[in-house]
Amino acid sequence: MLTKEKPTSLSVEKLKLSIVRHLRTTLASNEHVASQNTWWQATCFALNEEIFENAWSTFKQTRLDHCARTVNYLSLEFLIGRLTTNNLINLGLEDKVRQALNELGQDINAISGEERDPSLGNGGLGRLAACFMDSLVTLEYPAVGYGLHYQYGLFRQGIKNGEQVEYPDNWRDYGYPFEVCRSSFALDIPLYGHVETYYQGDTMRKRWVPSQYLRGVPWDIPVVGFEVKNVNTLRLWECRAVNEFDLNQFNQGCFASALHEKVKAESVTQVLYPNDESEMGKELRLIQQYFLCACSVRDIINRHKEHFASLDNLCDTNVMQLNDTHPAIAIPELMRILLDEEGIEWDKAWKISQRCFAYTNHTLLPEALETWPVDLIAKVLPRHIEIINEINYLFLSQVVEKQWPGDQEKLIKLSIFEEGYPRQVRMANLSVIGSYKVNGVAKLHTQLVKSDLFPEFDALFPDRLVNVTNGVTPRRWLRQCNPALAQLISANIGPQWQKDLSLLAGVEKYATDKKFVQQYADIKLANKQKLANYIKDNLAIDVSTEAIFDVQIKRLHEYKRQHLNLLHILTLYRRLLADPNYDMHSRVFIFAAKAAPGYRLAKDIIYAINKVAAVINSDERIKGKIKVVFLPDYSVTLAELIIPAADVSEQISTAGKEASGTGNMKLGLNGALTLGTLDGANVEIAEEVGDEHAFIFGLTVDQVNALKASGYRPQDYIAQNDELKAVVDWLCGDKFTPEEPGRLSSIAHSLVQGGDPYLVLADFAAYVEAQAQLDKAYRNRTAWLHSTILNTARLGKFSSDRSIEDYVRDIWHLKKVSVK
Ligand code: GPU
C-alpha cells in the first residue's frame with residue numbers, strides 16, 4: 001500500500017544471492033559466521049549495485065540534456081542521518097529486503113540498527129541541507145551537494161552526574177558502505193604565499209604564488225530519489241597532504257617532524273566545529289571554509305569544461321547556493337579563477353560570478369553573523385583579500401555613492417569591511433553583494449531580514465531579497481519515522497501524499513471519523529510506548545503513556561529558552577508540593593539537546609535540567625504527576641524515535657530570534673500540538689493549522705522591540721510575580737544541588753543581573769497560562785485528538801518538496817531530468 005513497486009530487476013532471490021555474495025567476496029565472511037555488522041555491510045553493498053548504476057544514468061542523462069542547469073548546494077554541514085532504511089524506502093525495496101534477510105535468518109531492524117549516524121552537522125542548518133538533497137533528487141532536479149568529509153562528526157554527548165561530557169564521534173571508523181572514494185577527481189588547493197604582478201603585453205595581471213598546497217579527495221555518497229530512478233551525489237571533500245612525508249627529514253632520523261605536513265593537512269577535515277550559530281574566527285575554520293569552496297568551484301568548472309571551452313556561460317549550467325555565509329569565500333575564489341586563470345576582464349568576470357551565486361541567510365543573531373579579521377584572510381588567501389577590496393571599492397563608489405551621494409553613514413554600514421581593531425570582513429555583506437538572489441527561511445524571518453538586517457541592500461536591490469519558507473522531507477519525517485501513521489494515511493487517501501504533501505488535506509475529513517480517530521490514537525499510543533521503553537531501558541525512569549508527552553528537542557541556546565520550560569516545570573512542582581491535590585494532568589517533560597562545548601550557560605542549563613529531574617522524579621509526594629527526562633546524545637536517529645511519540649511541541653524562542661525552525665514542522669506533521677511564540681515558521685504553522693489548534697503565547701516581535709526600547713527591567717517581573725520569584729530563588733539555593741549550594745545560580749544570574757537578554761521573565765506568565773490552557777485542552781480527549789489529526793492534515797505546506805519548487809521557480813530555474 002505504501003510503496004508503488006518500481007521497475008527494478010531485483011527480486012528477493014537476486015537480493016539474497018547478492019547479499020551472500022558480498023558477505024563472501026567483498027567482506028571475507030560467510031552466512032554462517034558473519035556478525036550483524038557484516039550482514040549490514042553486505043546488505044548495503046547489495047543495494048549499491050542498484051544505486052550506483054542509477055547514479056551513472058542520472059549523471060549521463062543530465063549531460064545529454066544539454067548539460068541541464070545543476071544546483072550546487074555548498075554547505076559546511078550535511079546532517080544526513082542513517083541511510084539504510086531511507087535508501088530501502090526510496091528504492092521501493094523495503095519489503096523485498098526484509099523478506100530476503102528473513103529467509104537468510106536475519107532481522108532487518110537489527111541490521112539497519114548497525115549503522116552509525118553520519119552526524120556531519122550541528123542542527124537545523126545541516127539537517128535542512130539533507131532534506132533539500134532528498135527533495136531535489138525525488139523531484140528529478142540535477143543537484144550536487146558539496147561538503148566536507150569530517151573524520152569526526154558532531155561530538156557524542158554523555159551525561160555524567162548531570163553534566164554534559166563530550167566524546168569523539170568516529171562515525172565511519174572502519175569505513176562506511178554508502179560512500180565511495182573517487183580518487184580520480186582529487187584536486188590540489190593552494191594556500192598562503194603572496195601575489196605577483198606581471199605584464200602580459202600591455203596589460204597588468206596578477207597571480208597568486210601560494211606557498212603550500214592541500215589535496216582534496218572526494219568521497220561520494222549517493223542520494224537516492226523516492227520512487228524515481230534518479231540518484232544524485234553528495235560529494236564530501238577529505239583533506240590530505242600533497243606529500244606524504246618529508247624524505248629528507250626522514251632520512252636524517254627526524255621521524256616525527258617528517259610527518260608534520262601530513263598531520264597538519266589532515267587536521268583540516270578532521271573535525272566538525274561544534275558551535276551552532278556563533279562565529280569563531282579560528283584559522284583552521286577559515287581554511288576549512290576555503291578548502292570546501294576551492295575544491296567545489298574547481299570541480300564545477302571541470303565539469304563545465306568537459307562540454308564548453310569558456311566559462312562565459314557558467315551560469316547556464318550551474319548555480320551555487322551558499323548555505324549561510326560559511327562558504328561565502330567561494331565568491332572571491334570564482335572571481336580569482338575568472339580573472340587570473342581565465343584572463344577575463346573585471347566587469348565581465350563580475351557579471352559571470354554574480355549570476356552564479358545565491359545566498360540563504362539562516363539567522364539574525366548578531367553573534368552568528370560571520371566576520372573574519374582582514375589580516376587573517378590576507379595571510380591565508382592573499383589574492384582573495386585584494387579581490388574583496390576591489391569588489392567593495394566598486395560597490396561603494398558605483399552603487400552606494402550613486403544612490404546616496406555623500407552619505408558617510410551608508411558607506412560605513414554597507415562596506416564589506418568593518419573598521420576597528422582588528423579590521424574585519426563581513427561575510428554577509430560580501431554574500432549579498434556577490435549573489436543575484438538572497439533568501440530568508442520563513443516569512444517573518446525574511447521580513448526582518450529586509451527591515452532590520454539589510455534594509456539598505458533591499459533599497460539598492462529591490463528584487464534580490466526573497467522568501468523561501470523551510471520544509472522537511474516527508475519521506476524521513478513521516479513515512480520512515482512513523483510507519484504506522486504513514487500506513488494509516490495511505491490506506492485512507494492513497495500513497496501519493498509521499499510525493500505531494502498537500503494531499504494530506506484529504507485526511508481532514510477523517511478527523512471526525514470514529515474509526516480513523518481511534519486508529520490514529522492507537523498509533524500515537526504505541527509510539528509513546530516505544531519511547532517509554534527506550535526511556536526505561538536507557539535512563540531507568542518509569543513514564544506513563546497516560547501522561548502528556550511534552551517535547552523540546554533542539555540545540556541548547558539561550559534564545560531557544562529551554563530555561564523558560566524549566567521555570568514552568570519548577571512552578572508546577574511548587575504547586576504540587578503546596579497542594580498535593582493540585583489539579584493537573586500528568587506530564588512527562590522530555591528534553592534532548594547538545595550544548596556547544598564552550599558555551600558555559602548552555603551547559604549549566606543542561607545540568608540544571610538533570611538535577612531538577614533527579615529531585616522531581618524521585619519525589620513520591622507528587623505521585624508521578626511530573627516526570628522530567630533528559631535524553632542524552634540528541635541525533636537524527638533519536639529524533640526519529642521521539643517525534644512520533646510527542647503530544648506537545650515546544651517552540652518557545654524569543655520572537656524574532658528563531659529564523660524558521662524545522663523541528664516544529666516535523667512534530668506538527670506527526671500530530672504534536674505546537675506550544676509556541678509567534679516566531680519563525682511557527683507563524684505560518686499557526687496560520688495553516690488555525691489558532692484554535694495550537695497554543696500561541698508571548699510577546700510579538702514588535703512588543704519585544706518596544707519593551708527593549710522602553711528599558712526592560714527583569715526585576716520588575718520578579719517583584720510582581722511571587723511564583724516566579726520563588727522558582728528563581730530555588731535556582732540560587734541548594735534545593736536541587738544539596739552538595740553544591742548555588743551551583744545553578746548562573747541561570748538566575750543571567751535572568752536578573754544579566755538583564756535577561758531573551759526576555760524569559762517577560763514571557764513567563766503568558767507561558768504558564770498557555771501551559772494551563774493546554775493542560776485543560778488535553779483532558780478533552782475528543783477535541784485534542786481532533787486537533788492532533790488536523791495538524792497532520794494541514795501541514796502539507798511544510799514539505800521540503802514545496803521549498804525546493806519555490807527555489808526552482810524563484811531562484812534556480814532548473815529543469816527536471818528524468819532518468820528512464
Ligand atoms: N541555523 Br546561522 C542553524 O542550525 N545553524 C546555524 O549556524 C544557523 C542557523 C538554523 C536556524 O537557527 C533555524 O531557525 C532554521 O530553521 C535552520 O537554520 C534552517 O534554516
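## Close-up views of a predicted model

**View 1. A pocket between two domains.** The second largest pocket in this predicted model has a volume of about 640 Å³. Count the residues around the second largest pocket and you get 29, with F59, R182, D220, T233 and R235 lying nearest its centre. Two or more lining residues come from each of helix 2 (36–64), strand 2 (143–148), strand 9, strand 10 (231–241) and helix 10 (283–305). Helix 2 chips in the largest share, with 7 residues. Sorted by class, the lining of the second largest pocket has 15 nonpolar, 7 polar and 7 charged residues. Domain 1 (1–64 + 91–113) and domain 2 (65–81 + 117–470 + 805–812) both give residues to this lining, so the second largest pocket sits between them.

**View 2. The largest pocket.** Here the volume is about 1,300 Å³. The largest pocket is lined by 42 residues, and the ones closest to its centre are R82, T85, K530, T637 and E640. Helices do a lot of the work in this view: helix 3, helix 4 (94–103), helix 5 (108–112), helix 20 (474–480), helix 21 (483–493), helix 22 (514–539) and helix 25 (636–642) each give two or more residues to the lining of the largest pocket. The class split for the largest pocket is 15 nonpolar, 13 polar and 14 charged residues.

**View 3. How the chain is divided up.** The domain assignment splits the protein into domain 1 (1–64 + 91–113), domain 2 (65–81 + 117–470 + 805–812) and domain 3 (474–798). Taken over C-alpha atoms, the centres of domain 1 and domain 3 are 39 Å apart.

**View 4. A closed-off space.** The model has 8 cavities of 30 Å³ or more. Shown here is the second largest cavity, with a volume of about 180 Å³. The second largest cavity is lined by 16 residues, and I80, L83, N86, A130 and V223 are the closest to its centre. Helix 3 (84–91), helix 6 (124–138) and strand 9 (212–224) each supply at least two residues of this lining. By class, the lining of the second largest cavity has 9 nonpolar, 4 polar and 3 charged residues.

**View 5. T70 and its neighbours.** Look for T70 in strand 1 (residues 70–74). Is T70 buried or exposed? T70 counts as buried, because its relative accessibility is 3% and the cut-off for buried is under 20%. Leaving aside residues up to four places away in sequence, T70 touches T62, R63, P142, A143, V144, R303, T317, N318, V319 and L814.

**View 6. Helix 12, mostly tucked away.** Helix 12 (residues 330–341) has 12 residues. From first C-alpha to last, helix 12 reaches 15 Å, close to the 16 Å expected at 1.5 Å a residue. How many of the residues of helix 12 are buried? The count is 11 of the 12, so helix 12 is largely enclosed by the rest of the structure. The buried residues are A330, I331, P332, E333, L334, M335, R336, I337, L338, L339 and D340. Just after helix 12 comes G343, which takes a positive phi of about 70 degrees.

Note on methods:
Residues are numbered from 1 along each chain as its sequence is written. This is a predicted model: local features need pLDDT of at least 70, side-chain atom pairs count only at pLDDT 80 or more; totals for chains, interfaces and linings use all residues. Side-chain values use heavy atoms; hydrogens and water are left out. Helices (H or I, at least four residues) and strands (E, at least two) are DSSP runs, numbered from the N terminus. Buried means under 20% relative accessible area, exposed over 50%, partly exposed in between (1.4 Å probe, protein chains only). Contact means heavy atoms within 4.5 Å. Domain bounds come from an automatic or database domain assignment. On a 1 Å grid over the protein atoms alone, a cavity is a set of points where a 1.4 Å probe fits but cannot get out, and a pocket is an open set with protein on both sides within 12 Å along at least five of seven lines; lining residues have an atom within 4 Å of a point. Grid points are joined across faces, edges and corners, and a volume is the space filled by probe spheres set on the points. Ala, Val, Leu, Ile, Met, Phe, Trp, Tyr, Cys and Pro count as nonpolar, Asp, Glu, Lys and Arg as charged, and the others, Gly among them, as polar. The expected span of a helix is 1.5 Å times one less than its number of residues.
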